[in-house]
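I have a fresh model open and my notebook beside it. Here is what I looked up, entry by entry.

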Amino acid sequence: MKLICIGRNYTDHIKELANERPTDPVVFLKPDTSLLLKKQPFFIPDFSNDVHHEVEILVKINKVGKHIDKKFAHKYYDEIGLGIDFTARDLQNELKSKGLPWEKAKAFDGAAVVGKWMAKTDFKDLNDINFSLKKNNILVQQGNTEQMLWKIDELIEYISKYFTLKIGDIIFTGTPSGVAKVEPNDELIGFIENNQVFKLTIK
Ligand code: ZN
C-alpha cells in the first residue's frame, strides 16, 4: 500500500509557511515503512531539530481505481480517519530551497500516524467534519474539512489521474494551521469531532 499526501490544502496553513497558493494540489507519497506502528511512540530522528506535527483527515481507499471522476469518487472509500504527517521542517526547508524532492523530510520511518477509522456513514456531511489535535492537553490545531481547497472527491479525481489507487491506500488530505515542533515527552491526542482517534508520545 501507499500513502498519498496532499500539501497546501488549507489557506491558513499556506499563509503560516508563507507558501504560494497552488493552482493544482501538491502531491507527494510516503512508503508503507513510514507508518508508525500502533501503540509505539514517535522517536524524533537524529537528522532533524525541528519535527512538526501536521494533523490531517485521512481517507482509506477500498477499491482499485484509475481516472476516477469526482462524481463517482465516493464509491472508492467508506472509512474516514485522522493522522499525523510528521515533517522534518528544517530538512524540508533545505530541500525546498534547493528544488529537491521532500521525501527525506516527510517519508522517513514513523513519519505517518494513522488513527482509528470511522465509518463514512457516521458523518452527515463529509465536507463539514471538525477535527483537532491536542498537545499536552492544549488545543494546537483545529480544522474543518469545509476549509479544504480541494475536497475529498476532487482529490481522488486528481490523484487517480497520476496513480492507480489500490485497496488499503491512504490519502492524507492536508493540514490546517497550527503546525509546530514536537519535543520529547510531548503527548499528542487527535480528535474527529469529539471522538479520540489516536494518542501518542514523543521520544
Ligand atoms: Zn501534511
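How many bridges join strand E3 to E12, and do they run parallel or antiparallel? I found 2 bridges between strand E3 (residues 51-53) and E12, and the two run antiparallel. I note for myself that this is a predicted model.

**Entry: the open sheet.** I followed the strands outward and got an open sheet of 3 strands in the order E6-E3-E12, with antiparallel pairing. Its edge strands are E6 (87-88) and E12 (180-181), each of which pairs on one side only. I also looked up who faces His 53, and found Ala 180 in E12 standing opposite.

**Entry: the zinc ion.** Next I asked which residues coordinate the zinc ion. I listed Glu 54 (OE), Glu 56 (OE) and Asp 85 (OD), at 2.0 to 2.1 Å. Along the chain these donors follow the spacing E-x1-E-x28-D. Glu 56 sits in strand E4 (residues 55-61) and Asp 85 in strand E5 (residues 77-85), so this pair ties together parts that are 29 residues apart in sequence. I then checked accessibility: Glu 56 is buried at 0% relative accessibility, and Asp 85 is buried with a relative accessible area of 0%.

**Entry: E1 and E2.** I moved on to strand E1 (residues 3-7), which pairs with E2 in the antiparallel sense over 5 bridges. Ile 4 has Leu 29 in E2 as its bridge partner. Which side chains of strand E2 (residues 26-30) are buried? I wrote down Val 26, Phe 28 and Lys 30, which point to one face. Val 27 and Leu 29 point to the other face and are not buried. A reminder to myself: in a regular strand, side chains alternate between the two faces of the sheet.

Definitions and conventions:
Residues are numbered from 1 along each chain as its sequence is written. This is a predicted model: local features need pLDDT of at least 70, side-chain atom pairs count only at pLDDT 80 or more; totals for chains, interfaces and linings use all residues. Side-chain values use heavy atoms; hydrogens and water are left out. Donors are N, O and S atoms within 2.8 Å of the metal (3.2 Å for Na, K and Ca); water is not among the atoms, so sites may look incomplete. Helices (H or I, at least four residues) and strands (E, at least two) are DSSP runs, numbered from the N terminus. Buried means under 20% relative accessible area, exposed over 50%, partly exposed in between (1.4 Å probe, protein chains only). Two strands pair if DSSP finds at least two bridges between them.
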